[in-house]
Amino acid sequence: MSQPHRIVIVGGGTAGWMAANLFAHHFKHHPVTITLAESDNVPTVGVGEGSTPSLKQFFRDLGIEDAQWMPRCQATYKVAIQFHGWSPASGNSSYRHPFISQLDTFSERAFYVNSQTRRLGLDVTTSPDAFLFNSYLAEQKRSPLTPDNFPFRIEYGYHFDAGLLGEFLKEHALSQGVRHTVCDVQDVALHPNGDIRALIDSNDNEIHAELFVDCTGFNSLLLQKALKVPFSSFSDNLFNDRAVVLPTPADPSAPVETQATALSAGWTWAIPLQHRTGNGYVYSSQYISDDQAETELRTHLGMLEDDAPARFLSMKVGQADKHWYRNCLALGLSQGFIEPLEATALHLVQLSIRFFCEAYVKGNFTAQHQVSCNQKITGHFNNVRDYIVAHYKLNTRNDSAYWRDNRNNMHLSENLLQILDTWYRREDLARFLSEKSHATHFGATSWHCLLAGYGAFPGLAPEQPGTGDLFKEHQLASFFNGCLLNFSPQSQRLP
Ligand SMILES: Cc1cc2nc3c(=O)[nH]c(=O)nc-3n(C[C@H](O)[C@H](O)[C@H](O)COP(=O)(O)OP(=O)(O)OC[C@H]3O[C@@H](n4cnc5c(N)ncnc54)[C@H](O)[C@@H]3O)c2cc1C
């Protein structure tokens, strides 16, 4: 490439600034200029405050330490999500889906074997909380930071203030040479071949580039509106399309996990930050009104008498049929969104950027590898969707039509049907998933957490030999409790 290559990112939400930073990093040895254009009339979505462990890798790639960004973004560590009330018939009021740490190599096999033994009707320990170390950290509100002499890597993600993270990322991107302009994109001009030629702002200025990156949120101004790439909705198996948000004061006990609690027509999150707790109720407008949702959230939070204003959001759940089309790549909400359960949106943004950068450089800054790149991104979206859909399909609540309809919903992908079939046939789910060998964020242990956490088991056999419980035989509780002595409360270890 001899000519300077111009990349223009439209949108200054988390996706836009993440992209600006990662492009600056990945393309630093190439003659590329990166400009981010954003409107100051269209606000960012202003939510999205929980991450997966991939955010750790994001900061590592950029050479940014926790101590540099976490205090600026009121961030806390996250080691798990605790689910409450999704499957009352299991007899467990809650279970955890922790991030899987290196220490779990000692216990994962026992978890799989016990889950299979339980599927054969024998009464053995199957709670995910018992088998996975991060659950112990979450229960005791311990920081995941290890002392230098602790030989195992502990996985963690973060909770953070989305607005403050955006500001931090902007500052860093500008320090890396990214250019910034404030403008309202009003129109998109196309070349005769259908590629984007220029963006036109409200003063009729034209912004030219070789590559345009659509980070305009649910608007999807470039990819879906201008280039007319179709959008495939997931609404036939993910019913939620609205959220109401209401913060509460910070929890002084400094939890290290997100709470996800099922309510009558959806679920609420509680995300503990340093300066507040972020709360939101994600629900389906087909089953309850905004007023009912707000009242239910306030009741859940004990804020019925409180007149702090709530904020409502609409969600468009699904994905664009192509994430990269012609000379336009969409990232963030403009490429698609799989509702916030499991907090995977920024993880998918990061993955999309990685796949794109690899393909773009390999194709010498052309669209040569566009098809395979799109296949990878779409595959990841579909796999995440299946994992989320399973939370609704397997619920055992009977308190509303919403939960019954979710349980009776038969719009399931072939992949999800095969996973459930393997489980209910009492076959080895870990082996099945490894043989399918398609990359997904949610591996065998995550699936075991979900299925065992939901108590998706047959009734107990009449004869119980009383042996074969690997949790007890391997004395995993005392092993993990011993390990826990190396970890301090998060309240003492925040940078
Ligand atoms: C209820 C809810 C909860 C969520 N929870 C999580 C979570 O826990 N974890 C997670 O990872 N993700 C979560 N997400 C997703 C997360 O919020 C988004 O993925 C993330 O914030 C990125 O958003 P964005 O940058 O794509 O879009 P936005 O934040 O909407 O930004 C869009 C940008 O485009 C600009 N723009 C729009 N139109 C124009 C125009 N015409 N001209 C110029 N600029 C324009 C705007 O000014 C803005 O800067 C959640 C989303 C929702 C709805």
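Which residues come nearest to the ligand? That was my opening look-up, and I found Gly 12, Val 42, Val 45, Gly 50 and Leu 333 at the top of a set of 34 residues around the ligand. I counted a residue as near if one of its heavy atoms lies within 4 Å of the molecule.

**Ground rules.** I am working with a predicted model, where local features need pLDDT of at least 70, side-chain atom pairs count only at pLDDT 80 or more, and totals for chains, interfaces and linings use all residues. I number residues from 1 along each chain as its sequence is written, and side-chain values use heavy atoms, with hydrogens and water left out.

**Ligand, polar contacts.** I looked for pairs of N or O atoms within 3.5 Å; within protein, one must be able to donate a hydrogen and the other to accept it, and residues adjacent in sequence count only if both atoms are side-chain atoms. Gly 50 offers a polar backbone atom 2.7 Å from a nitrogen of the ligand. An oxygen atom of the ligand lies 2.9 Å from a backbone N or O atom of Leu 333, and for Cys 215 I noted a backbone N or O atom 3.3 Å from a ligand oxygen. The protein buries 96% of the 1,000 Å² that the ligand exposes when taken alone; these areas come from the Shrake-Rupley method with a 1.4 Å probe, and for residues only the protein chains shown count as cover.

**Ligand, shell.** I sorted the shell by class and got 19 nonpolar, 12 polar and three charged residues. Here Ala, Val, Leu, Ile, Met, Phe, Trp, Tyr, Cys and Pro are nonpolar, Asp, Glu, Lys and Arg are charged, and the others, Gly among them, are polar. Helix H1 (14-26) and helix H10 (345-362) each give the shell at least two residues. My helices (H or I, at least four residues) and strands (E, at least two) are DSSP runs numbered from the N terminus.

**Domains.** I have domain 1 (5-48 + 161-235 + 318-382), domain 2 (95-154 + 413-490) and domain 3 (242-314), with bounds from an automatic or database assignment. Domain 1 and domain 3 each supply at least three residues to the ligand shell. The C-alpha centres of domain 1 and domain 2 are 37 Å apart.

**Ser 107.** I found Ser 107 in the loop between strand S5 (94-98) and helix H4 (108-119). Is Ser 107 buried or exposed? Its relative accessible area is 0%, so Ser 107 is buried (buried is under 20%, exposed over 50%, partly exposed in between, with a 1.4 Å probe and protein chains only). A polar atom of the Ser 107 side chain sits 2.6 Å from the backbone oxygen of Phe 131.

**Pro 98.** I placed Pro 98 in strand S5, and at 1% relative accessibility Pro 98 is buried. Beyond four places in sequence, Pro 98 has contacts (heavy atoms within 4.5 Å) that include Val 79, Leu 132 and Cys 449. Ala 138 is 40 residues away along the chain, yet its C-alpha is 8.3 Å from that of Pro 98.

**Positive phi.** Most residues other than glycine have a negative phi, and I noted two exceptions. Asp 204 has a phi of about 65° and sits in the loop between strand S9 (196-201) and strand S10 (206-208). Glu 342 has a phi near 75°, in the loop between strand S22 (336-337) and H10. Asp 204 is exposed at 61% relative accessibility, whereas Glu 342 is buried at 6%.
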